[in-house]
Amino acid sequence: LPPGSEILSVNGQPVGERIAGLMSCIPASTERVRRRWAVRVLLYGPIGTSHEVEFRRPDGTEGSVRLVNPHYGAEPDVDVCVALPGCSGKELNENFRLTWYPGDVAYLKIRSFEYRCGQPQAFCNAFPEIRTRARKLILDLRNNSSRGLDYGAAEIFSRLTRDTVLYGPVSRSRIYDAALAARGYHEFDPEELASDARARIARQHYCSEAFSEPERETYRFPEDRDGRLVVPTVILVNDATGNAAETFVGWASSQSHMSTVGVPTSGSAGKKVTYEVLPGLQCAVCTEEVRLPDGREFVGCGITPDVVVENTMQDVLSGRDAVLEKALEILNDK
């Protein structure tokens, strides 16, 4: 299977049909994310499961191969795997990287805002150099979708803005009171619902339309904190930019020196509770309605970047990053 080969079918089923079937089983808020995950689990299966895979090589010739799911952890050493440029496991899973481009443009890849992964600390360690040298900045938040804390995102964002107060997402949860729901079972005429607050609340509980009061976190930073860098900044996003990274993108929309490039973000708040339905079978249920700090909806639709650019298949095959190139082009005009 040379790098760049295209899968045509799995066990005789056209790959498009297989992906569509898998998408119906994937809990995600947007179609783009469901499709990405379906591709990722295309060959998942119990240990020992075999797959007859038909594929087309980059030179146009076709072939087939039988693949068997190994024991977990039995995958071959990643060092002996061959990948397309920029697509190796090491590159895709790289947590933090600082690269310099001509014109003192700093490129920062931040794959997570989780403190246990060390990215906020890595940024703080690199920031003195960035603040001293950088005239322009690119923040690559593509594939930043882990359960990072909003505070980790706020700690980094606060270094890149003159604002000293950052407001987190607005959230509320569905609530239920059985006694109120029992009263709400009865039909109320519109006038009674309009004049009787308790009747209105009871009806909301009966109809599962009662919510807690909206809440949000507030992050405050001292005006005289050591070091801020406010320069033209472009943020790279994709459909795997989620959770705290989407909060970061929401903050950026209010900053005149920041813009975003890529494709709409994940559109997922990441607030879920997980239950084990059967041994080995889990069910995840969303627990909160979440909006961006400015009140905009993003769950189920994502945040559309200022400039929409997507890497094509030819870009991937050649190792070209059209999204990054567009960011550099934008900054060259600043």
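# Close-up views of a predicted model

**Figure 1. The surroundings of Asn69, a residue of the loop between β4 (62-68) and α3 (89-92).** In this predicted model, Asn69 has a relative accessibility of 14% and therefore counts as buried, the limit being under 20%. Apart from its neighbours within four places in sequence, Asn69 is in contact with Leu43, Tyr44, Gly45, Pro46, Ile47, Gly48, Thr49 and His51.

**Figure 2. The protein as a whole, shown for orientation, with 11 helices and 16 strands.** The C-alpha trace spans about 75 × 60 × 35 Å along its principal axes. Of the 334 residues in the protein, 37% are buried. Among contacts in the protein with a separation of 6 or more, 70% are made by residues 24 or more positions apart.

**Figure 3. Helices α1 (residues 15-23) and α2 (residues 31-40), whose axes come within 9 Å and cross at roughly 115°.** The crossing of α1 with α2 is right-handed. On the α1 side the contact is made by Ile19, Leu22 and Met23, which meet Glu31, Arg34, Arg35, Ala38 and Val39 of α2. Sorted by class, the residues of this contact are five nonpolar and three charged, with no polar residue among them.

**Figure 4. The largest nonpolar core, a set of 36 residues.** Within this core, the residues that touch the most other members are Phe113, Ile130, Leu137, Leu139, Leu160, Ile235 and Phe248. Two or more residues each are given to the core by β6 (105-110), α4 (119-133), β7 (136-140), α5 (150-157), β11 (233-237) and α9 (244-252). The largest share, six residues, is that of α9. A second core, separate from this one, has 14 residues, including Val234, Leu236, Val309 and Leu324.

**Figure 5. The contacts of Leu137, one of the residues that touch the most other members of the largest nonpolar core.** When its neighbours within four places in sequence are left aside, Leu137 is in contact with Ala106, Leu108, Ile130, Leu160, Val231, Pro232, Thr233, Val234 and Leu331.

**Figure 6. Ala134, in the loop between α4 and β7.** Ala134 has a relative accessible area of 8% and is buried, because buried means under 20%. Although Ala134 and Asp104 are 30 residues apart in sequence, their C-alpha atoms are 5.2 Å apart in space. Asp104 also appears among the contacts of Ala134 beyond its neighbours within four places in sequence, together with Trp100, Ala106, Glu129, Leu229 and Val231.

**Figure 7. Strand β11, which is largely enclosed by the rest of the structure because five of its five residues are buried.** Thr233, Ile235 and Val237 point one way from β11, whereas Val234 and Leu236 point the other way, and all of these residues are buried. Ile235 is among the residues that touch the most other members of the largest nonpolar core, while Val234 and Leu236 are included in the second, separate core. β11 runs parallel to β7, to which four bridges join it, and Leu236 of β11 is the bridge partner of Asp140. β11 also pairs with strand β12 (residues 258-262) in the parallel sense, here over five bridges, and in this pairing Ile235 stands opposite Thr260 of β12.

**Figure 8. Helix α9, mostly covered, with nine of its nine residues buried.** The buried residues are Ala244, Ala245, Glu246, Thr247, Phe248, Val249, Gly250, Trp251 and Ala252, so that the list holds Glu246 as well as nonpolar residues such as Phe248 and Trp251. The elements that cover them include β7, α5, β8 (165-167), β10 (218-220), β11 and β12.

**Figure 9. The crossing of α5 and α9, with axes that come within 8 Å and an angle of roughly 40°.** The two helices cross in the right-handed sense. Asp150, Ala153, Ala154, Ile156 and Phe157 of α5 make the contact with Ala244, Thr247, Phe248, Trp251 and Ala252 of α9. By class, eight residues of the contact are nonpolar, one is polar and one is charged. An α-helix has 3.6 residues a turn, so residues three or four places apart point the same way.

How values were computed: Residues numbered from 1 in each chain as written. Predicted model: local features only at pLDDT ≥ 70, side-chain atom pairs only at ≥ 80, totals over all residues. Heavy atoms only, no water. Core = buried A, V, L, I, M, F, W, Y, C linked by side-chain atoms within 4.5 Å. Buried < 20%, exposed > 50% of the residue type's maximum accessible area, 1.4 Å probe, protein only. Contact = heavy atoms within 4.5 Å. Axes fitted to C-alpha atoms, helices over the stretch in contact; angles between N-to-C directions. Left-handed = near helix turned anticlockwise from the far one by under 90°. Pairing = 2+ DSSP bridges.
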